[in-house]
Amino acid sequence: MTKIDDMGAELRAQYDDDMWLGHLVWYYVPADFQITLKDWMTAIYGTPVKDLVPNAPRPVDAFKRAINKTKGSVKVPMPSLGEFTYKFLPRDRGHDGEHVYRSITVEELDSANHRLSYETCVNFAYDRKTERIEKPEFDKGALSTFPAAIQQLCETKAAQVQAGYLEEMDSLGPIKVRELIRQDVERKMMGTLARPSGGVYFVSNEWIDRIDGLDEMVNGLNGPTFHQLPLINSSKQREMLRAAFEVEAAGQVEILMEEMRLLLKGKKGKITQLKAKQYHGRFLEMTDRLGAYSDLLNEGMETTAVQLKALQTQCMEVFKRIED
C-alpha cells in the first residue's frame with residue numbers, strides 16, 4: 001500500500017462513510033501484465049465484482065497479438081565491421097474473406113545505424129473458418145542474405161507463433177484488463193473524471209462496496225494496483241465535482257453529436273437499427289448519470305440537461321432515417 005492508501009484507510013476507520021461525498025479512485029496495469037481467463041474468474045468469484053466477466057478473446061485478435069510478440073532486436077558482432085543490429089518487425093499483409101495475413105520482416109543496420117537490408121523473411125496466413133494458423137512460408141532467398149544466427153532466430157520466432165496464439169486465446173493482456181476496470185468505474189459505477197488530464201475518477205458512496213471489492217480484487221492480481229481516497233462532503237468539493245461532471249458531459253455530448261451528424265450525412269456508413277439503438281443507449285446512460293449526480297449534489301445542472309435534450313433530438317432523427 002502507498003501512503004495515500006494508508007491515509008485513506010485511516011480516514012475511513014476514523015469516520016463513518018456518510019462523512020464522505022464519495023471516493024477518488026485510480027488504477028495502474030503494467031504493460032507486460034498477463035492473466036489466464038481461469039485465474040481472472042477465480043479472482044472475481046464470490047466478490048462484489050463477480051459480474052466483471054470478460055468476453056473471450058477473438059481468435060483472429062489472438063493471432064495478431066501472437067505475431068506482434070515476435071517483435072524484437074539483437075546485436076551481432078561482425079569482424080572488422082563493428083556491431084550490427086537486426087530488428088524483427090511484424091507486418092500487416094492485409095486480409096480477405098477467408099484469411100488474415102501477417103509477416104516478419106528483418107531489418108539489418110550497421111554500427112552507424114544505417115539500414116543495409118530490409119527483407120520479408122516469413123509469411124503467415126490465418127484461416128478465419130478453421131481458426132488455425134497455416135504453416136508459415138519462409139523466403140529462403142531473403143533469409144540467406146542474413147547471418148546463420150539470424151536465420152535460426154527467425155525460424156525460432158516463427159515456431160513460437162503457434163504457442164503464442166494458444167496462450168493469447170486463454171489469457172487477458174494489459175489492454176483488456178485496463179478496459180475491464182475502466183468500464184466498471186465509468187459505466188457500472190458512473191464514475192466521472194476528477195481532473196482534465198484523466199486517470200483519476202470520482203465515484204459516489206453509493207458504490208462503496210463495489211469500490212472496495214474492485215480494490216481488493218485488482219490489488220490481489222500481483223502487478224496491477226488500485227487506489228482510493230475518500231472525499232469529504234463539503235461545498236468546495238461539491239463545486240469541484242459539479243464542474244468536472246459538466247465538463248465531461250459536455251465533451252461526451254459533443255463527440256456523440258458529431259458522430260451522429262456524420263452518420264446522417266452518409267459519412268459513417270449505413271444508418272442501421274443497431275447503430276440507432278447504440279446511440280440511444282448512450283443517451284439513456286448519460287441521462288441516468290445526470291439524475292444520479294443531480295441527486296448527489298442537490299443541483300439541477302441545467303446546462304447539461306439542455307445539452308442532453310439536444311442529444312435526444314439528434315437520436316430521434318437517426319431513428320427516423322434508419323435504412324431497410
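In what follows, Ala, Val, Leu, Ile, Met, Phe, Trp, Tyr, Cys and Pro count as nonpolar, Asp, Glu, Lys and Arg as charged, and the others, Gly among them, as polar. The structure analysed is a predicted model.

By these classes, the lining of the largest pocket comprises 7 nonpolar, 5 polar and 7 charged residues. The volume of the largest pocket is about 420 Å³. Its lining is made of 19 residues, and those closest to the pocket centre are Arg65, Glu168, Gly173, Pro174 and Ile175. Three elements, α3 (59-68), β9 (171-172) and α6 (174-188), give two or more residues each to the lining of the largest pocket.

The second largest pocket encloses about 310 Å³. Here 16 residues form the lining, with Glu186, Arg187, Gln252, Arg282 and Glu285 closest to the centre. Two or more residues of the lining of the second largest pocket come from each of α6, α8 and α9. By class, 8 residues of this lining are charged, 4 are nonpolar and 4 are polar. Helix α6 thus appears among the contributing elements of the largest pocket and among those of the second largest pocket.

Enclosed space was also examined. The search of the whole structure returned 1 cavity of 30 Å³ or more. The largest cavity holds about 60 Å³ of space. It is lined by Thr192, Phe245, Glu248, Ala249, Gln252, Met286, Arg289, Leu290, Thr304 and Leu308. Helices α8 (235-264), α9 (273-297) and α10 (302-320) each provide at least two residues of this lining, and α8 gives the most, with 4 residues. In terms of class, the cavity lining consists of 5 nonpolar, 3 polar and 2 charged residues. Gln252 is listed in the lining of the largest cavity and is also one of the residues closest to the centre of the second largest pocket.

On the surface, Tyr15, Met19 and Ile232 make a nonpolar patch of about 240 Å². Of these residues, Ile232 belongs to strand β12, which spans residues 225-232. Ile232 has a relative accessibility of 38% and therefore counts as partly exposed, given that the partly exposed class lies between the cut-offs of 20% and 50%.

Backbone geometry was considered next. Most residues other than glycine have a negative phi. Two residues with positive phi are described here. Asn113, although not a glycine, has a positive phi of about 70°. Asn113 is located in the loop that connects β5 (99-109) and β6 (115-127), and because its relative accessibility is 55%, Asn113 counts as exposed. Glu131, also not a glycine, has a positive phi of about 60°. The position of Glu131 is the loop between β6 and β7 (132-133). With a relative accessibility of 39%, Glu131 counts as partly exposed.

Asp17 lies in the loop between α1 (3-14) and β1 (20-28). Its relative accessible area is 30%, so Asp17 is partly exposed. The C-alpha atoms of Asp17 and Arg102 are 54 Å apart in space, and the two residues are separated by 85 residues in sequence.

Terms used: Residues are numbered from 1 along each chain as its sequence is written. This is a predicted model: local features need pLDDT of at least 70, side-chain atom pairs count only at pLDDT 80 or more; totals for chains, interfaces and linings use all residues. Side-chain values use heavy atoms; hydrogens and water are left out. On a 1 Å grid over the protein atoms alone, a cavity is a set of points where a 1.4 Å probe fits but cannot get out, and a pocket is an open set with protein on both sides within 12 Å along at least five of seven lines; lining residues have an atom within 4 Å of a point. Grid points are joined across faces, edges and corners, and a volume is the space filled by probe spheres set on the points. Patches are made of residues with over 30% relative accessible area and no salt bridge: like charges are joined within 9 Å, nonpolar side chains (Val, Leu, Ile, Met, Phe, Trp, Tyr) within 5 Å. Accessible areas come from the Shrake-Rupley method with a 1.4 Å probe; for residues, only the protein chains shown count as cover. A salt bridge is a side-chain nitrogen of Lys or Arg within 4 Å of a carboxyl oxygen of Asp or Glu. Buried means under 20% relative accessible area, exposed over 50%, partly exposed in between (1.4 Å probe, protein chains only).
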